[in-house]
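Grab a coffee and work through these exercises with the model open beside you. Try each task before you read its solution.

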Amino acid sequence: MPETAVMPRRRKRMTSRADKRGMGLALAGGGPLGGIYEVGALIALADSLDGIDLNDLDVYVGVSSGGFVAAALANGISPAQMFRLFIDDGAEATLSPGLFLRPAFGEFARRAMSVPGLLAKAALDYLRHPLKHRLLESLSTLGRAVPTGMFDQHAIDAFLKRLFSGAGRTNDFRLLRRKLFLVATNLDTGASVTFGEPGHDHVPITKAIQASAALPGLFPPVAIDGQHYVDGALNKTLHASVALDEGVSLLFCINPLVPFDASSASRHGRLTVEKLQEGGLPLVLAQTFRAIIHSRMKVGMEKYRRQYPNADIALFEPDRENADMFFANIFSYAHRARLCEAAFRTTRESLRARRAQLDPALAQRGIRLNAARLDDASRKLHDALDDPRPLHAHASGVPQAARDLSRTLDHLERWLVHAR
C-alpha cells in the first residue's frame, strides 16, 4: 500500500480502562546499546508468546533510542527484520554505529564563527569596567562558543527517511494504523513533550526521533517549530504513563539500562575486576548515570501500579551481572550479536521465572506462553528469526487484510513444519 493510502488512525482517547483490552509497548532509551538490547528482548517476546503480533499493538511509546525501535515496530518492521538490518553482519545490515558518531561540523563551524565577536565583546566589557569585571569574568562569555553537541544526527535522519518511505510505511504520525508516541524534553521549559499527540502529530516521525534522542553534550538540541528539544529521558526514564493514559490494559516495558553489579559478577566468575573505579572516569560516569536512571524508573513503576490498578505491566530488564551490556563495543558486529543474544536469553529467563504471574494476565488477552520453546534450553536467537520477509516485501497496493492473511498463513506453515 503506498504511503499516501494508509488509513488515518483513530484519535479518540479511551475513557474507560476497566473494559479496554488494548495492548501497548513502552521502550526506554540507552543509546545504540539500548536499542540493540531491546531488539533482542523483542525477538524473545515474539518467539515465546503465542497470540500476539508485536507489529500490531495498540500503542507504542519510545524514548531516545527506544523511540527508534518503537517507530520501526509501528511501521511494520518486525524484530527479526530489525536484527538483520541493525545488528547482523549480512546483506541487509545497512545501519552502522558509525552513523551515530558523525562529527557535528555544522555546529562546530557556527560556534567557531561566533568566537571573534565574543572576544571583542569580552574585551570591551573589561576595558569599560576594569574594576567591576575581572578578566576571567569577562572571558566567561566565551562559553557561548562551546558546541552544544559533538555528533550530528543528519545521517541517521536520512537513513530513517529512506526506511520509512517504503511501501506500507509512513513518516507521518497521523497516517499510522497504530498510535505512536515519542517523548522529548523542551530545552527552554524543561517540560516533556509527546510527539504523536494532537498538536504535535504534524512533526515528521524522523524529526521526533532526533529530538527524543538528542542527549545533551552528544547531540545538539533539535529545532522544531521554533522550539529546541533534547533527550526525553531527562524527565522520566520510560514514560509508560503515556500508553496507560491511552487506556492500555496490558503494557510490555523494556528498560535496557540497569546498574552493573561488578562485585556480584566477580564473585560468580563473570568479571575479573571487582571495582569499577579501576576503569577510570568513563566507567564511573556510566555507572552513576545508570544508577540514577534506574532508581527513578523504579519509583515511576511503583507509581504506575498505584495509579493504574486495572492495568497489567510487565517490565523486562538486563541481568545486572551482564558484563557485555556494560563493556560492549558497539562497533563490533560480533559483540552486537552477542549482546542481542544475551538480551534474548535474559528475557526468556524472565518469562520462565514469572510464568505463574504472567499466565493469568496473558490468558485474558488470548495470549499464552509457548512452553515448548521456553523450556528448550538449547534454543538460541537465530532459531527465533522466523520472519523471512525482506524489508521491502510489502508490494504497493496490497490491502492490509491480504498482508494479515499472508502473515497468518506463514505462521500456520511454520507450525506444520514444526509439528512434522
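**Exercise 1.** Work out which residues of helix 8 are buried.

*Solution.* Keep in mind that this is a predicted model. Start by finding helix 8, which runs over residues 205-212. Next, apply the cut-off: a residue is buried when its relative accessible area is under 20%. Going along the helix, you should pick out Ile205, Thr206, Ala208, Ile209, Gln210, Ala211 and Ser212. That is 7 of its 8 residues, so helix 8 is mostly covered, given the under-20% cut-off.

**Exercise 2.** Find where aspartate 172 sits, decide whether it is buried or exposed, and list what it touches.

*Solution.* First, the location: aspartate 172 is in the loop between helix 7 (154-164) and strand 6 (179-186). Second, the cover: aspartate 172 has 18% relative accessibility, so it counts as buried. Third, look at where its side chain goes: it reaches the backbone nitrogen of arginine 174 at 2.8 Å. Last, skip the neighbours within four places in sequence, and you are left with contacts to Asp201 and Ile205. You've already met Ile205, as one of the buried residues of helix 8.

**Exercise 3.** Check whether the length of helix 1 agrees or disagrees with its residue count, then see how covered it is.

*Solution.* Helix 1 covers residues 31-48, which is 18 residues. At 1.5 Å a residue, the helix should span 26 Å. Now compare the end C-alpha atoms: they are 26 Å apart, so the two values agree. As for cover, 15 of the 18 residues of helix 1 are buried, making it mostly covered.

**Exercise 4.** Look at phi for serine 64 and aspartate 225, and say what stands out.

*Solution.* Begin with the background: most residues other than glycine have a negative phi. Now serine 64: its phi is positive, near 55°. Aspartate 225 isn't a glycine either, yet its phi is positive too, about 50°.

Then place them. Serine 64 lies in the loop between strand 3 (59-63) and helix 2 (65-74), while aspartate 225 lies in the loop between strand 8 (222-224) and strand 9. Finally, check the cover. Serine 64 has 7% relative accessibility, so it counts as buried; aspartate 225, at 58%, counts as exposed.

**Exercise 5.** Count the buried residues of helix 2, and describe phi of the glycine that follows it.

*Solution.* Step along the helix: 10 of its 10 residues are buried. Among them are Ser65, Gly66, Phe68, Val69 and Leu73. Past the end of the helix you come to glycine 76, with a positive phi near 85°.

**Exercise 6.** Find how many aromatic pairs the structure has, and classify the one made by phenylalanine 195 and tyrosine 229.

*Solution.* Searching the whole structure gives 4 aromatic pairs. For phenylalanine 195 and tyrosine 229, the ring centres are 5.2 Å apart and the planes meet at 75°, so call this pair edge-to-face. Phenylalanine 195 belongs to strand 7 (residues 192-195) and tyrosine 229 to strand 9 (residues 227-231), so the pair ties together parts 34 residues apart in sequence. Both partners are buried: phenylalanine 195 has a relative accessible area of 1%, and tyrosine 229 has 4%. Elsewhere, Phe68, Phe86 and Phe159 form one aromatic cluster. Phe68 is also one of the buried residues of helix 2.

**Exercise 7.** Describe the surroundings of valine 183.

*Solution.* Valine 183 is in strand 6, and it is buried, with a relative accessible area of 0%. Leave aside neighbours within four places in sequence, and its contacts include Val61, Val63, Val193, Ser212, His239 and Val242. Now take a C-alpha distance: valine 183 and leucine 238 are 55 residues apart along the chain, with 9.4 Å between their C-alpha atoms.

**Exercise 8.** Count the disulfides, then zoom out to the whole chain.

*Solution.* The structure has 0 disulfides. Cysteine 253 is buried at 0% relative accessible area, and cysteine 340 is buried at 0% as well. Zooming out, the chain has 16 helices and 12 strands, and buried residues make up 50% of its 420 residues. Of the contacts with a separation of 6 or more, 77% come from residues 24 or more positions apart. Finally, the chain exposes about 20000 Å², with carbon and sulfur atoms supplying 58% of it.

Note on methods: Residues numbered from 1 in each chain as written. Predicted model: local features only at pLDDT ≥ 70, side-chain atom pairs only at ≥ 80, totals over all residues. Heavy atoms only, no water. Helix = DSSP H or I, 4+ residues; strand = E, 2+ residues; numbered from the N terminus. Buried < 20%, exposed > 50% of the residue type's maximum accessible area, 1.4 Å probe, protein only. Polar contact = N/O pair within 3.5 Å; in protein donor to acceptor, adjacent residues only side chain to side chain. Contact = heavy atoms within 4.5 Å. Expected span 1.5 Å × (residues − 1). Disulfide = S-S within 2.5 Å. Areas by Shrake-Rupley, 256 points an atom, 1.4 Å probe, with all protein chains shown as cover. Phe/Tyr/Trp six-rings, centres within 6.5 Å; stacked < 30°, edge-to-face > 60°.
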